[in-house]
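Let's go through this one the way you'd grill a colleague at the bench. How do we get from a set of atoms to words like contact, pocket and sheet?

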Amino acid sequence: MDEQKRYFSRELLLWYRANKRDLPWRRQSNPYYTWVSEIMLQQTRVETVKPYFERFIGKFPTVEALADAPEEEVLKAWEGLGYYSRARNLQTAAREVKEQYGGQVPNDKAKVSALKGIGPYTSGAIMSIAFNRPEPAVDGNVMRVLSRYFRLHDDIAKPATRVHMEHLAQELIPEGCASDFNQALMELGALVCTPKSPSCLLCPVMEHCEGRMAGEELILPIKTKAKPPKPELRYAALIEGTGEHEGKVLVRQRPDTGLLAKMWELPHILVPKQVGIVGMSDAESYAILHHSLQAEGVDVAPVEHWMDAEHTFSHIHWQMRVYRCNLRNLQPKDNTVYKWAGPEEMEELAFPNVFVRLLKIRFQ
DNA sequence: AATACGGGGTT
DNA sequence: AACCCAGTATT
């Protein structure tokens, strides 16, 4: 191995040991904590994850506790974190670990990799961080750091690039220091070698960083852009309960698969594209909402436009118009479950953020 | 190899 | 408002 690589590993490790952050999942070594934190950290920032991790471990302190919990509780604990299949896969995998491995995360790369929701990055992170095994853990931070330090111009959006980076990252792990070194690599990416304006002058490996020496720290890593989210207009119905349902609104559960699977929502419809958006009269909107919801077994009379909301997923942009409606009849189609939800039910049912925000406004 | 799958941050 | 960030499963 050449001196540029040796220098990198040595200096990065020293820097990490002096600068590592105090994070909830680092307080004690526990493979279950490493696992939960790494799943939560997929596509999600450290500051967002912190409170979720604390609550989650409080509710489900062990693999067995998670395995034995009702799925709705796990989903509720994940509410607002996004990518909800992570929560369902995590519990499926916890049940597998309970049954097959006595509740202990196996110290075996192949067995960990075979668990639901654990791909190449997360298996490497668990093996290295929890068991100090010399496996690469290549996430976006690591690809950015390596692209810059070694001045690699490969497109990091391409799967082949990650494979190449894994070979390099594994080679760089100092003997017996996989846990600290892999965390050091990601810590540098998070704190110093940041996407926008990297703090090169604070970087422990600046002297031999080829990207910086070439003046390319701002153009690296190379990454092709994602395509923009597809716009969708949706009409939602805010249906107020009366009598015994006074103070509540009608909500329903989404299908078991696909977007926001098993989450709760206001009844709503996708407005057919041809209908057009701008300049549609209230009467026309009411008619569309009425007819589409009726086809789903929800017979309503729209009363007034209540408010608008927008929500962007990674691939879809929702523009929502919410109408206050009176319910005339409810005959749920294809096993869709409807409920009346007030503030109390909000504590039990898991809603995606776009509906959390709307219902918070409704219930004040 | 491309797409589905949330939510939040910065500029 | 436009843009950026980023793992796994599925197809």
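Below are some questions and answers on a model that is predicted.

Q: What makes the pair between N353 and DNA strand B a polar contact?
A: The cut-off is 3.5 Å between N or O atoms. A side-chain N or O atom of N353 sits 2.9 Å from a phosphate oxygen of DNA strand B, so the pair counts as a polar contact.

Q: How do you know that G80 and L260 make polar contacts with DNA strand B through their backbone?
A: In both cases a polar backbone atom is the protein partner. For L260 the distance to a phosphate oxygen is 2.5 Å, and for G80 the distance to a sugar or linking oxygen is 3.4 Å. Both values are within 3.5 Å, so both pairs qualify.

Q: Which residues come nearest to DNA strand B, and which elements supply at least two residues of the surface there?
A: There are 19 residues around DNA strand B, with Q43, Y83, Y84, L259 and L260 coming nearest. Of the atoms of DNA strand B within 4 Å of the protein, 60% are sugar and phosphate. β5 (298-312) and α15 (353-363) each give at least two residues to that surface. By class it has seven nonpolar, ten polar and two charged residues.

Q: What makes Q43 a base contact for DNA strand C?
A: A side-chain N or O atom of Q43 lies 2.6 Å from a base nitrogen of DNA strand C. With 3.5 Å as the limit, that is a polar contact, and the DNA partner is a base atom.

Q: How do you know that I118 counts as a polar contact of DNA strand C?
A: A polar backbone atom of I118 is 3.5 Å from a phosphate oxygen of DNA strand C. The limit is within 3.5 Å, so I118 counts. Y121 also uses a backbone N or O atom, at 3.1 Å from a phosphate oxygen of DNA strand C.

Q: Which residues come nearest to DNA strand C?
A: Of 18 residues around DNA strand C, the nearest are Q43, G117, G119, T122 and G140. Sugar or phosphate holds 68% of the DNA strand C atoms within 4 Å of the protein, and bases hold the rest. α8 and α9 each supply at least two residues of this surface, which divides into five nonpolar, seven polar and six charged.

Q: What lines the largest pocket?
A: Its lining has 42 residues, and L41, T44, D139, G140 and N141 are the closest to the centre. The volume is about 1,600 Å³. α11 gives the largest share of the lining, seven residues.

Q: What lines the second largest pocket, and how much space lies in it?
A: About 540 Å³. Of its 22 lining residues, L81, G82, Y83, Y84 and F313 are closest to the centre. α6 (85-101) and β5 each give two or more residues to the lining.

Q: Why are β3 and β7 called edge strands?
A: The open sheet runs β3-β2-β7, with antiparallel pairing. β3 (264-265) and β7 (338-341) each have a single partner strand, so one side of each has no neighbour in the sheet.

Q: How do you know that β2 and β3 pair?
A: Pairing takes at least two bridges. β2 and β3 have two, in the antiparallel sense, so they pair. R252 stands opposite E265 in β3.

Q: What makes β5 and β6 a pair?
A: They share 13 antiparallel bridges, and at least two are needed, so they count as paired. P302 stands opposite C325 in β6. β5 and β6 form a hairpin, with three residues between them.

Technical notes. Residues are numbered from 1 along each chain as its sequence is written. Chains are lettered from A and ligands numbered from 1 in the order in which they are written. This is a predicted model: local features need pLDDT of at least 70, side-chain atom pairs count only at pLDDT 80 or more; totals for chains, interfaces and linings use all residues. Side-chain values use heavy atoms; hydrogens and water are left out. A residue is near a molecule or strand if one of its heavy atoms lies within 4 Å of it. A polar contact is a pair of N or O atoms within 3.5 Å; within protein, one must be able to donate a hydrogen and the other to accept it, and residues adjacent in sequence count only if both atoms are side-chain atoms. Helices (H or I, at least four residues) and strands (E, at least two) are DSSP runs, numbered from the N terminus. Ala, Val, Leu, Ile, Met, Phe, Trp, Tyr, Cys and Pro count as nonpolar, Asp, Glu, Lys and Arg as charged, and the others, Gly among them, as polar. On a 1 Å grid over the protein atoms alone, a cavity is a set of points where a 1.4 Å probe fits but cannot get out, and a pocket is an open set with protein on both sides within 12 Å along at least five of seven lines; lining residues have an atom within 4 Å of a point. Grid points are joined across faces, edges and corners, and a volume is the space filled by probe spheres set on the points.
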